[in-house]
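Colleague: I am new to this structure and would like a close look at a single part of it, the place where the chains meet. Please take me through it step by step, with whatever neighbouring detail helps.

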Number of protein chains: 2
Amino acid sequence: MLYIKAEKNSSLYKDTLLDNVIPFWEKNSIDTKNGGYYTCLDTKGNVFDTDKFMWLQGRQAWLFSMLYNKVKKNENWLKIAKNGIDFIRNKGMDADGNFYFSTTEDGKPLVQPYNIFSDCFAAMAFSQYATASGDEEIKQLAIDTYFNILKKKDNPKGIYEKGTDARPLKSFALPMILSNLVLELEDVLPKEEVEKTIDFSIHEVMEIFLNKKSGLIYEFVRPDGSLEDSFNGRLLNPGHGIEAMWFMIDIGVRRNDKKLINKATTTILNILEYSWDQKYGGILYFMDAHQKPPQQLEWDQKLWWVHLEALVALSKGYEQTQNPELLLWYNKVHDYAWSHFSDPENGEWFGYLNRQGEVLLDLKGGKWKGCFHVPRAMYQCWKSFENIKNNK
Amino acid sequence: MLYIKAEKNSSLYKDTLLDNVIPFWEKNSIDTKNGGYYTCLDTKGNVFDTDKFMWLQGRQAWLFSMLYNKVKKNENWLKIAKNGIDFIRNKGMDADGNFYFSTTEDGKPLVQPYNIFSDCFAAMAFSQYATASGDEEIKQLAIDTYFNILKKKDNPKGIYEKGTDARPLKSFALPMILSNLVLELEDVLPKEEVEKTIDFSIHEVMEIFLNKKSGLIYEFVRPDGSLEDSFNGRLLNPGHGIEAMWFMIDIGVRRNDKKLINKATTTILNILEYSWDQKYGGILYFMDAHQKPPQQLEWDQKLWWVHLEALVALSKGYEQTQNPELLLWYNKVHDYAWSHFSDPENGEWFGYLNRQGEVLLDLKGGKWKGCFHVPRAMYQCWKSFENIKNNK
């Protein structure tokens, strides 16, 4: 029974990835004239806005490089990856090696580098592409970008930081992304640097931001790790917490650290219990740890990436632990996500549903949604279910 | 029939203002220890967060000063206004006369002055309070703050501006707020300055941001006034447009400019036709002028201030023109707003509904909702219906 289900899921993810999701981006997103990718695509894949957002340029270049490295040596995928890499390097980077937030379609900077996340996705893209192509110059760029991120990490917004020093908070996003980034850059960084950053990330994520009392991940804590009773201090972002837990499982597998894996899977279950919408199903986008009204007006919406990261975390967690609770939750999230987000007719998944589960924005890509969470999750779930099937 | 309705509405607004809304803020929001006001209040008025947002400090100090000046010489109202004025002056202002976005409850700066809107609401508060109290020092502060705003108006975000010069857009918010601010400061500013700024505002609002072809107000246009096909260039904020139209009606009345008043009322009707939710009723929060997916995830929500500003605009417009279309729309918005937002039991109005009209956040005040739109609209509608009644 379980074997059959694992085989069925494995095929579902593989087929959807290769026959539905990737063709959607291959067909609709490539800007052959200016380089880079269009990401503002409507239901059917028509471009509805031409601005280029550097997060999404990096993520798509990463994704096609990753497919080339891990799925198949498809030269068209490498070509698509190069189309983004060249755009990011030639148009997305300022003179100091920082990456803009966005540019026009022909690469004129629109929004300054006001945070380090564009840099993180550029570094991931450079590293995967260097592995795929053997391009030494891009490899060096990955390394340089990584160390530039570390240099900026204690003041990631630089001159654009509007907060005073009166009540400093540190953000979960930083150790979370570092824990994934460092594994992505493992091939190009010194071994010592990799281990040091992994140690830092595990400590920050699992000892500081994971709250012992509630078993939940907080988005912001004080520099000393204590909780603050303020809007940001009470903020929970369930999708973020769940996504970080599968980064931790990957690290646990790499280090053969069963304790870390178990702690991560327990946390996945805690977050899902807390954030599952009992009324309409699905995982809520933002919550307040004291059940106060959150600042985010979109708090009750159901977002594609939250559900996909949960599917990855649950299938990966089950692959490693065979904990039946994870399988129960996997099935629950699977049923909700596949019946609400997927679009077999036009390709890709919808991104934004209202609380009731109806499509809120009928786009397939936009300012924040590109070629990333859907295909990455499809790949990860495909491989997890393949392993689950083969281990039985 | 109309007379009876106008009398009934006039009483409804007056009684709700004086017996339901103002008591809510008098009872729950005053910080007698640190000065200023708590604005994060739950359904019943309990404080759920203590941070102080300078927009809302200024707006509440303005409101109580305005009530003292226009409704009744209630010394408690003047005392409440002073409580805010002192906090804004002593804790909300930096050394250069700019106003922070937020502070802790005891006045430690939390978020830097990154825009001019805190300054605008502070200036309005100082001016009304100076009139109420006769305080010459506060009067001078109103004048100084006004000219500091003008100094910053071409680069309102200063060093916090993240946009490059590649594709500059100008924002409707600036001429809109100036058109209201300058009338608020009429008593303290030189007559010449007042007329000049009114001329500027009318031109910008009615000739530049009001699009001749669609009859709608755009949130952003190019410096030369042309439209841009980008996320910001396509953005419509119906509540903003409607609110600005009653500022224009006020200016039209002041200048006895019937043409301006008629143009403003036509625009109110255009915006309402475009933004009324045919499916669930109510006015949508954000729209895209090309029917593309907007960036704002909260686009389909129903917000208190949008509906209250529409009630003010429609009752004021009807008072001035007796156009029956305005009365039809008034009744439609009235029925929606009073049945969905008001809370006779606990006081004040709810602020945030989902598209279906259910309460999305059960707060009465927060980071952006304070003692302002509800009581200001109650006062304005009360007076308009009183005039409508008396003119018949």
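Modeller: In this predicted model, chain A and chain B bury about 3,600 Å² between them, and 60% of that area lies on carbon and sulfur atoms. On the side of chain A, Phe48(A), Lys162(A) and Leu297(A) together supply 19% of the area that the chain buries against chain B, which is more than any other three residues give. Counted by residues, the contact draws 44 from chain A and 44 from chain B.

Turning to the polar side of the interface, four salt bridges are found across it, and one that can be looked up in the view joins the side chains of Arg234(A) and Asp49(B), with 2.9 Å from N to O. Across the interface of chain A and chain B there are also 18 residue pairs in polar contact, counted where both residues have pLDDT 80 or more. As for the elements involved, those that give two or more residues to the side of chain A that touches chain B are β2 (47-49), β5 (109-111) and β12 of chain A. Of these, β5(A) gives the most, with three residues.

The strand β12(A) is worth following away from the interface, since it leads into a sheet. This is an open sheet of three strands in chain A, in the order β10-β11-β12, with antiparallel pairing. Its edge strands are β10 (302-303) and β12 (359-361) of chain A, each of which pairs on one side only. Between β10(A) and β11 (residues 352-353) of chain A, the antiparallel pairing runs over two bridges, and here Lys302(A) stands opposite Leu353(A) of β11(A).

A last point concerns covalent links, and a search of the whole structure finds zero disulfides over all chains. For Cys120(A), the closest cysteine sulfur is that of Cys371(A), and because the two sulfurs are 19 Å apart, they are too far from each other for a bond. Cys120(A) is also buried, with a relative accessible area of 1%. In chain B, Cys371(B) is likewise in no disulfide, and the nearest cysteine sulfur, that of Cys40(B), is 14 Å away, whereas a disulfide would need the sulfur atoms to be within 2.5 Å. Cys371(B) is buried, and its relative accessible area is 1%.

How values were computed
Residues are numbered from 1 along each chain as its sequence is written. Chains are lettered from A and ligands numbered from 1 in the order in which they are written. This is a predicted model: local features need pLDDT of at least 70, side-chain atom pairs count only at pLDDT 80 or more; totals for chains, interfaces and linings use all residues. Side-chain values use heavy atoms; hydrogens and water are left out. Buried means under 20% relative accessible area, exposed over 50%, partly exposed in between (1.4 Å probe, protein chains only). Two strands pair if DSSP finds at least two bridges between them. Helices (H or I, at least four residues) and strands (E, at least two) are DSSP runs, numbered from the N terminus. Contact means heavy atoms within 4.5 Å. Buried area is the accessible area (1.4 Å probe) that two parts lose on being put together, summed over both. A polar contact is a pair of N or O atoms within 3.5 Å; within protein, one must be able to donate a hydrogen and the other to accept it, and residues adjacent in sequence count only if both atoms are side-chain atoms.
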